[in-house]
Each structure stands twice: as C-alpha cells, then as structure tokens.
Amino acid sequence: MKDDSRAMLFGEDVVFGGVFRCSAGLLERFGKERVFNTPLSEQGIVGFAVGAAAMGYTPIAEIQFADYIYPAFDQIVNEAAKYRYRSGGAFNCGGLTIRTPYGAVGHGAHYHSQSPEAFFTHVPGIKVVMPSGPAEAKGLLLSAIRDPNPVVFFEAKMMYRTAVEEVPTGDYTIPLGKARLARPGTDITLVGWGQQMGVLERAASVVEQADGISCEVLDMRTLLPWDREAVEQSVNKTGRLLVSHEAPITSGFGAEIVAAITKRCFLRLEAPPVRICGYDTPFPLVYEPVYMPTEAKIVDAIQLTVKF
Amino acid sequence: MQISQRSFASAADEITVEVRPYKAHKIEPPSTTVTTNGEELLKFFKTMYQMRRMEIAADMLYKAKFIRGFCHLYDGQEAVLVGMEAAINWKDSIITSYRDHCTHIGRGGTMVQVMAELMGRQAGASKGMGGSMHMYHKAHNFYGGQGIVGAQIPVGAGLGFAHKYRKDGGVAFAMYGDGAANQGQKYEALNIAALWSLPVIFVCENNHYGMGTAEWRAAKSSSFYTRGDYSPGLKVDGMDVLAVKNAVAFAKKYALESGPIILEMDTYRYHGHSMSDPGSTYRTRDEISNMRQQRDPIEQVRKLLLDHKVVEAVELKKIEKALKKEVDQAVEEAKASPPPEDSMLWANIYKDTLGAHTRGLDSKIKVALR
C-alpha cells in the first residue's frame with residue numbers, strides 16, 4: 001500500500017483490524033480513504049472490488065470467513081474471472097485480490113471451518129493461492145496483490161494464533177505458481193498446502209524415526225496454476241504420492257493432482273497414489289478431530305503405501 | 001411507556017397501556033393503546049427473565065470452555081421474541097439468524113435443549129450436531145438459526161409461500177439484523193414475496209450494530225422499516241414487549257390479507273456481537289448502561305407489575321430466584337448429556353448413508369455404520 005497509491009483495503013470490520021487482527025494499524029498508516037469498512041454484503045464487496053479493479057485500482061477485499069464467500073461466488077466466477085476473456089482483452093480486473101481465512105480452527109463447526117479452494121480451482125481466469133506460514137503469507141500476498149490477474153488468497157485461520165516465525169522485513173515476494181520443497185526425501189512424495197503443511201511435516205518426521213521412511217514434502221503454495229513439474233519430478237524420483245487436504249475428499253483438489261500425476265508418472269509409480277482428506281460430510285462440530293486428515297491417518301497411509 | 005392511572009389487583013383484570021407511537025411507511029399504524037392483564041405481564045416477565053439468565057449462563061459456560069467456537073447472545077433483545085410469540089401461534093413459522101438461543105425458548109423448546117446444543121451434546125436441539133447457531137424445533141415450526149448473514153431471509157419467503165399454498169392461515173417470520181438488512185438477497189426475497197402477496201413478515205431486529213459497525217456507517221438509510229419500498233413497514237419500540245405484541249398482531253392480519261410487511265424492531269444487545277467481541281470498542285459503556293437503566297425490557301414489565309399491584313416486589317424476587325435455579329438445573333442436565341454417537345458424523349448427510357463407513361486412526365480398525 002506504501003508503493004501502490006491505488007491499493008485499497010476493505011471488508012467487514014477491517015478498520016479495527018478485522019476478526020483476526022490482520023489489518024490492525026493500516027487505517028492509521030493509510031487513512032480512511034484507503035482502509036474502510038463495508039456493509040455485510042459479500043456479493044457487493046466483491047462486485048465493488050471488480051469494478052474498482054476494472055478502473056485500474058488495486059483492491060484488496062476481505063471476505064471475513066471463506067465460509068461466507070459463497071454469496072460472492074457469481075461475482076468471482078462470472079465477473080472477475082472472465083472479464084479479460086469476454087472483453088477481448090479490453091478490460092480486466094487484474095488488480096483484484098480477495099483475502100479470506102479458511103480451514104479448521106478446533107471448534108468452528110459448519111460455517112467457520114470450510115476449505116472451499118477446490119471450487120475456485122475450477123475457474124480459469126483467477127489464481128488461487130494458499131500460504132503455509134507467516135513468511136510464506138507475506139511473500140505470496142505481495143505477489144498476489146501485484147499479480148496482473150485476480151487472485152483468491154486463502155489464509156490459514158488456525159495459524160493466525162498459533163504460528164510463530166521470523167518474517168523477512170521490507171519488500172519480499174515469492175513467485176506464484178511455484179511449489180516449495182519443504183523437505184527433501186526419497187521414498188514417497190507428500191503434497192499439501194496451507195495449514196496442512198505442518199501436519200504433513202510432522203507425519204514425515206514420525207515415519208522417518210519409526211520406520212526409516214524418507215518423505216519428500218512439497219508445499220504447492222498456488223493451486224491455480226499449480227506446479228505440475230515439481231510434483232512430477234518428485235514422484236518420478238520417489239515412485240509414490242500422497243496428497244492431503246482438509247476439504248472433503250470427493251472432487252477435492254487432491255483428485256486433480258492424483259489424476260495428472262498418474263498420467264505423467266504412470267510407469268514410475270510403485271503404489272497407487274493416495275489421498276488423505278476430510279470426509280464427505282459437512283464440517284462437523286464435535287467430531288472435528290475425527291473428520292480431520294490428522295497426522296496419525298497420514299502416518300498410517302505412508303506406511304501402507306511404502307509397503308504396497 | 002406511559003402507564004394509565006387506574007390500578008388493579010387481580011391478575012385477570014384488563015390493564016391498558018399507552019406505548020410509544022409507531023413510525024409507519026405506506027400504512028396507517030396501529031393504535032398505541034394496548035391491553036394486557038396481570039397474568040400476561042407475569043408470563044412476559046418470567047420468560048424474559050429466563051432468557052436473560054440463560055444467556056448469562058451461556059456466557060459463563062463459554063468462559064469456562066464448556067462451550068467452544070461461535071456463540072452469539074440475545075440478552076437485551078428479549079422483548080422482541082416474547083412480544084412476537086404473544087401475538088402468534090406455533091402454526092406460524094419462524095426462521096432467524098445465528099442469534100437463536102432464545103428463539104428456541106420462545107417456540108416452546110427447553111433450556112436443556114439449548115444448553116446441550118451449545119456444548120455439543122446429544123440432548124441438544126439439533127442433537128449436538130450444530131452448536132450455538134443451529135437450534136431447530138420442527139414441531140413448533142421453528143426453522144432454525146442460520147450461520148450465514150441474511151441467508152435465512154429468502155428461505156423465510158419460501159416458508160410464506162408454503163403457508164399460502166397450503167392455505168393453512170399461517171404466516172412466516174423472516175428475522176434478520178440491521179447488518180443483514182443490506183444484503184442483496186433480502187431485496188430479492190421481498191420482491192418475490194410482494195409480487196405474489198405472500199404472508200411473510202420481515203422482522204429487522206435493529207440492535208444498531210452489524211458486528212462492530214454502527215448502522216449509519218453501513219446503511220445509506222437506516223430507516224429499515226422504509227426499505228421495503230413498495231411494501232409497508234412499521235418501526236416498533238423493540239424494548240417494549242407490549243408495543244411488539246401489538247405491532248405483530250397488526251402485521252399478521254395485514255400479511256394474511258395483503259402480503260409482506262417489514263417490522264423494524266428498535267432494540268439493543270447488551271453483549272458484544274459474539275464471544276470474541278467485548279462489545280465496548282465501537283460504543284461507549286455509558287450507552288450500554290443508559291440503555292439498561294432507561295429501556296430494559298424486563299425492568300419495564302417489572303414496573304408495570306408493581307404499579308398495577310399485580311404482585312409485590314418480593315414476589316418477583318422469589319420468581320427470579322426460582323428461575324435462576326431452573327437455569328442452573330438445565331446447565332447441569334445438559335452437562336450430563338453425552339456427545340453424539342460416532343455414527344452421527346455420517347448420518348443425515350443424505351437420507352441413507354450411501355454405504356459410508358468410518359475407521360479409527362489407523363487402517364486396522366473399521367466400523368460399519370448403521
């Protein structure tokens with residue numbers, strides 16, 4: 001916002017910092033013309049942001065919880081994503097970034113826990129970014145804001161209050177569309193994004209110590225476009241693939257990765273690729289621990305896949 | 001509220017009360033003279049006091065971590081629901097937002113059902129599967145609390161459609177707050193309801209803050225009773241149970257004859273928006289304490305009961321004590337209820353479970369579900 005005078009931030013209660021204090025202090029630094037509250041109107045917030053972006057501004061719109069993004073779905077899918085294509089390149093809303101907290105938080109139940117990323121990966125014209133930690137969030141968010149395409153940026157809700165990490169000061173960007181090698185290994189490739197990365201890395205440590213299994217862990221960072229080459233390269237080396245996400249398993253983004261990699265690496269695979277994900281249920285209240293793709297479930301799946 | 005000078009001692013005797021004038025949009029407002037009696041006033045007092053204590057108990061249970069996650073309290077707004085229920089019956093249907101604990105009580109649900117639901121227990125209103133935002137009482141046409149701001153309003157119009165289609169004489173109440181009043185879907189629902197003359201009463205509980213944002217910062221016009229444009233509306237003193245009762249009876253008659261009407265209830269929530277909001281960063285403590293002193297719905301009824309000599313002050317204290325005990329008992333009973341069966345994780349997603357099964361944390365334990 002310091003470098004781009006056209007950048008503006010708005011959403012429900014963002015002036016006070018928002019529910020998760022993400023925008024705390026921005027009003028004082030950039031003033032109420034650029035940091036402002038909106039009515040509780042998700043469809044309106046995104047529509048307004050698309051319009052501002054089409055006029056050359058850099059709107060950073062917040063949807064308070066990813067669970068509330070559905071009223072804005074039409075604006076994202078039909079307006080934002082297709083603006084460039086349907087106007088023959090005359091218009092675009094590339095300045096648009098939609099930030100929204102997603103994922104389990106321990107007790108959020110049906111409407112404060114969902115991971116709706118897969119819906120948006122089905123929409124050519126937008127990018128979908130899901131950082132896995134504070135430094136990653138900074139680097140990817142700055143890239144998302146500067147990217148000349150509309151970006152939906154899912155922030156890991158659980159990590160707002162749990163993550164502690166050194167974050168680079170000053171201008172710091174991480175390229176979109178490139179995966180991160182979180183942990184090198186040789187026996188199986190574990191793929192995830194967002195707050196699931198911590199779970200995958202812990203599972204990798206467990207099987208290394210218990211079974212001597214060496215896991216290569218990849219953080220996708222961006223789901224649309226996703227870094228096929230990085231996963232392909234890794235699976236060609238390890239011969240095994242596990243993808244894990246919190247969203248329900250059926251039609252989750254894990255399915256896309258498994259399908260694409262099975263085709264690309266078919267003759268190199270030593271075991272069927274496996275997905276450890278949320279169940280096909282609404283996000284449960286008291287049974288969140290059962291629903292979640294936990295470390296224990298991943299450890300179990302790694303062991304079975306390596307023994308296959 | 002001005003009290004007439006006559007006084008009565010018998011609970012069944014008629015009491016006449018002048019309520020604050022209604023503001024009206026495209027309709028002749030109802031009379032400000034409301035009749036009641038000692039029996040009814042005492043019932044109002046008890047129900048509102050019970051709701052108040054229940055929400056305070058929920059606050060304490062939340063702080064003690066018996067309730068986790070999201071929890072929105074209703075204390076301060078009791079007169080809206082209690083006045084409404086006094087003017088309608090359980091053939092009429094209600095759908096509301098996430099601030100739904102007291103709606104469940106108003107519809108004849110029990111405190112144990114509310115408390116158990118808050119803690120995610122089997123005895124809860126939705127069997128412990130929903131939590132704070134998801135009370136339901138099908139037998140009494142309470143279509144529940146909804147988690148998404150404004151999403152219940154079009155559903156409420158659908159309920160009205162069903163009442164009309166079935167010719168059952170019922171009306172649907174679509175309840176929402178001043179925050180949700182700016183949602184686009186509200187206007188779509190209103191248009192259809194007006195176009196087809198559906199018996200829908202849109203109840204805007206204006207507690208003046210959509211989460212942490214004051215109504216005037218979020219709405220170009222915060223005269224929500226006028227925002228039905230072509231549909232009539234009334235602004236009602238939502239802190240006065242008698243003003244609400246009178247307005248709702250009027251609105252029900254209108255809705256059955258002519259279609260939708262908006263009732264804006266001028267009310268106030270004492271707690272913050274949710275448990276993560278202390279409720280004091282965007283409004284002053286003076287504002288809250290003035291509201292408690294001058295317009296509290298329970299205190300207004302207490303004054304009527306005493307002025308009309310329906311009961312002695314000491315009687316009311318006894319009632320309060322007994323209700324507090326009832327709340328405590330409900331909390332204990334709810335705590336004793338177990339969490340839902342594991343099989344509930346897969347139940348009620350589809351009519352049948354589609355052969356779903358769950359398993360333990362590793363692949364060796366597999367449990368088939370009914």
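## Working through a two-chain predicted model

Chain B carries 47 positive and 42 negative side chains, and the centres of the two sets sit 3 Å apart. Here Lys and Arg count as positive and Asp and Glu as negative, with His and the chain ends not counted; each charge is placed at NZ of Lys, CZ of Arg, CG of Asp or CD of Glu.

Before you start: this is a predicted model, where local features need pLDDT of at least 70, side-chain atom pairs count only at pLDDT 80 or more, and totals for chains, interfaces and linings use all residues. Residues are numbered from 1 along each chain as its sequence is written, chains are lettered from A and ligands numbered from 1 in the order in which they are written, and side-chain values use heavy atoms, leaving out hydrogens and water.

**Exercise 1. Find out what confidence the predictor gives to chain B and to the complex.**

Step 1: Start with pLDDT, the predictor's confidence in each residue, from 0 to 100. Chain B has a mean of 92, and 93% of its residues reach 70 or more.

Step 2: Now take the complex, which gets an ipTM of 0.79 and a pTM of 0.88.

Step 3: Keep a rule of thumb handy: where pLDDT is low, don't read the predicted coordinates in detail.

**Exercise 2. Work out how the radius of gyration of chain A fits the globule rule.**

Step 1: Get the rule straight: the radius is taken over C-alpha atoms, and the rule is 2.2 Å times the number of residues to the power 0.38.

Step 2: Chain A has 308 residues, so a compact globule would come out near 19 Å; chain A has 19 Å, which agrees.

Step 3: Add the overall spans: the C-alpha trace of chain A covers about 60 × 45 × 40 Å along its principal axes.

Step 4: Check burial, where buried means under 20% relative accessible area, exposed over 50%, and partly exposed in between (1.4 Å probe, protein chains only). In chain A, 58% of the 308 residues count as buried.

**Exercise 3. Do the same for chain B, beginning with its secondary structure.**

Step 1: Count elements as DSSP runs, numbered from the N terminus: helices (H or I, at least four residues) and strands (E, at least two). Chain B has 11 helices and 14 strands.

Step 2: Its radius of gyration is 21 Å, close to the 21 Å that the rule gives for 370 residues, so chain B is as compact as a globular protein of that length.

Step 3: Its C-alpha trace spans about 80 × 55 × 45 Å along the principal axes, and buried residues make up 59% of the chain.

**Exercise 4. Place His273(B) and list its contacts.**

Step 1: His273(B) lies in the loop between strand 12 (261-266) and helix 9 (285-295) of chain B.

Step 2: With a relative accessible area of 11%, His273(B) is buried.

Step 3: Contact means heavy atoms within 4.5 Å. Setting aside neighbours within four places in sequence, His273(B) touches His72(B), Tyr98(B), Arg99(B), Met211(B) and Tyr282(B).

**Exercise 5. Look up the backbone at Pro225(A) and His208(B).**

Step 1: Recall the usual picture: most residues other than glycine have a negative phi, and most peptide bonds are trans.

Step 2: The bond from Leu224(A) to Pro225(A) is cis, with omega near -5°. Pro225(A) is in the loop between strand 10 (222-224) and helix 9 (228-238) of chain A.

Step 3: His208(B) isn't a glycine, yet its phi is positive, about 80°. You'll find His208(B) in the loop between strand 8 (200-206) and strand 9 (209-210) of chain B.
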